[in-house]
Structure formats: C-alpha cells, structure tokens
Amino acid sequence: MAQTAGITQKLILLFLTTFLISQSSGAPQNINPSYSYAFTSCAKPIVRKEWRRLSVDERQSYTKAVLCLANPKKAASISEIGPGLRNRYDDFHGVHTLQTPNIHWVGHFILWHRYFIATFEKTLREVCNYRGAQPYWNWTIDVTSGRDMIEWPIFNNHSGFGGNGPYVDGDNPFDIPERSGGGCVPRGPFNYPDWVVHLGPGPSIDYNPRCLKRDFSRPIMNWVTPGLVHWVTNVTRYEDFAFRLENLPVFTSPNLHGAGHFGVGGALGEFGDVYASPGDPLFWVHHSTLDKIFWRWQQEDLPKRLFDVGGPVVPFDYSNQVGPNITLEFVIKLGKLAPEIPLRDIMNIRGGILCYDYEG
Ligand SMILES: [Cu+2]
C-alpha cells in the first residue's frame, strides 16, 4: 500500500514536471454557449459498431486498413516529428507520445482522445480506403461472459487482434497482479514482423523496431464491471465524469481506462505504457469504448452536456493549485495530423466537425 502510494506520487511528479516544461498554450477564455454550428446537421453519420457486431470480413478489412497505415509506401509519415517515425501510423503514435504529459489526468483527456480517434478513423478512410467506421470493443460483455480472456473474440488470431504473448520473466515495478505474458504476440495480424512497433518504450521517439508484446493481467481486466461503468456515469457534471473515468493511477482502486491498458498490456506490453500505448492497435477500439460511454452520458442531457467541460489543465491539479480548469475554448492539437481546434468543436459527435455515431 505504502509502496503503491510512493510510486503514484512519483508518477504524478514525473507528469507534473514534464508538463510544466512542455506546456505551451491553452489560455482559458469565457464560456459562451451559443455555438449554433454545433447543431449543424450530420444527416448520415458513419456508425461505429461493437467488434463482434462486425462480420469477419469487416473485422479483417479494419485490421488490414490499420496495417496499411503502417506501410510507408501506402501511408508515408507526414508529422515531421523525427527520424524515428517511418509511416503514418507512427505519426499517431508519436503525436500521442509527445503529448502524453499534457493529455492524461486532465479535464480534456476524453475530448483529446475523441479528436485523436476521429482523426485516425478519417485517415484510415482517406489514406487506406477503409469503408467502415472505427469499431469499439465493449469489454464489459467479455468480462461478464465468464469466458477466459484468451477466448475473447477481440483476441482471435483470425478475426481479431491476436492474443497474449508467451510468459517471460521481467520487471514488474507496479506489481501488476497475475501478469501472464510479456513476450511477442505470436500470431494474428499484428505478429512480428507483419507489425513492428517503432517508437518507445516510454517517451522515446527514436527508431526502435521491435515486436508487439502483451502481458495479460486477468484481475486488472476484471475491474470492468457494469457497476464500475455505472459509477463513472452516475454523475451530472462533466468534471466529475472525467475524473471518475480516469480515476487516480493506482492499482488499489479500479478504473475503466486503466483496466484495458493494464489488463492487456500488464507490466511488459506496449498497451500498459502510457506513452507508447498506441503501439498496440487495440488502443483505438479501447478508447472508442470510452468515447462511447462519454457520448451516452452526454446524451442523457444534451442541452447541458454539449457545453459542459471542466477539470484541470495541469495533470492531477484537481484542486487548481497550479493552473485553471479547461473551458470550451481550450485548444487541443494533433501536430500536423489535424487542425488545432477548441474543445467546443468536438463536443457533439454528430455536428460541427464530427459526424459519427455509435450502435449499441
Ligand atoms: Cu492516451
């Protein structure tokens, strides 16, 4: 317990320090809830479906499109972040890496990731001719199914993302319980060398080609329960929703965001690496589920929740000791991948610059 608290403190300090060095913009302005264009019609949204609601062909066309984004002949890097980035998929990984200290445990966590996923989905469609929408992975169905993780459709080698790595010994600084893998994902579309992670571990954006690793932790994955989803969504203010969604980065208190990351990535897998987690393509289906939960929550009171934001600009600064809270005018960036926009532009997934919806 004391050790966990110590590690948490170090994590928080690390984030704060990196944040203060890299923080550059986002001066808050007044909230003005008159954004007529937020209601611009989006008559035909593309519809994001749960993974198992897609046909096997549709699932494979998604994973193929992701592989296409990592093929420099089909999807060259445009981010100009550094020589370590070799393709458009790396651009997404690199943008996430550089901004990691500014986009987690902050008010705009879920909104930044909403924009990030929407840009990824747009790129899949425009650069790799993907016809579908970004799928999501409703882990609650799997966790409550009683089936073991390795049997879950999302980890299928033929119609999913492949499964766990074989067990290897390794450091486990956060004492992730029952870590069970840690080796290279051996089969499926993202085995090595069909899929190569280039960046990381951690904040490094140097060229470091290697296999994708997974390190399942069943107790952490089992954090996901209907009760936890209810706890996250059973609030009326955005600020409270946003806090509960991420919760504190400790392994003594469950949270939905961490459940996917550490349940799959464990101690040694890319998915458990807060910087390098996009190295595992599960990133997109996991984060889309969080976005769907957010949207369903917004829909319970759209007139209010299309305009309600809050939570700190500075990571973990929940009592605003260091900085202000975010507002609708807070600007988020994705480097060269997409225009800088204020949060108000992405409050509505069916208006403004976004046009998608969720099935289920
Ligand atoms: Cu992230």
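**Exercise 1. Find what share of the protein chain is buried.**

Solution. Take the 360 residues of the protein chain. A residue is buried if 20 or more other C-beta atoms lie within 10 Å of its own, exposed if 12 or fewer, and partly exposed in between, with C-beta atoms placed from the backbone. Buried residues come to 46%. The model is predicted: local features need pLDDT of at least 70, side-chain atom pairs count only at pLDDT 80 or more, and totals for chains, interfaces and linings use all residues. Numbering runs from 1 along each chain as its sequence is written.

**Exercise 2. Compare the span of helix α2 with the expected one, then locate its buried residues.**

Solution. Helices are DSSP runs (H or I, at least four residues), numbered from the N terminus. Helix α2 covers residues 56-69, 14 residues. The expected span is 1.5 Å times one less than the number of residues. That should give 20 Å, and the end C-alpha atoms are 20 Å apart, which agrees. Next, burial: Arg59, Tyr62, Ala65 and Leu69 are buried. Seen down the axis, they fall within an arc of 125° (directions from the helix axis to the C-beta atoms), so they line one face of α2. Exposed Val56, Asp57 and Lys64 sit on the face turned away. The buried residues of α2 pack against α3 (88-103) and α4 (109-127).

**Exercise 3. Describe how α7 packs with α8.**

Solution. Take α7 (residues 226-233) and α8 (residues 238-246). Their axes, lines fitted to C-alpha atoms over the stretch in contact, are 8 Å apart at about 150°. Angles run from 0 to 180 degrees between N-to-C directions. That makes α7 roughly antiparallel to α8 (over 145 degrees). Now the contacts (C-beta atoms, placed from the backbone, within 7 Å): Trp231, Val232 and Thr233 in α7 meet Phe241, Arg244 and Leu245 in α8.

Key:
Helix = DSSP H or I, 4+ residues; strand = E, 2+ residues; numbered from the N terminus. Parallel < 35°, antiparallel > 145°, perpendicular 65-115°, else oblique. Contact = placed C-beta atoms within 7 Å.
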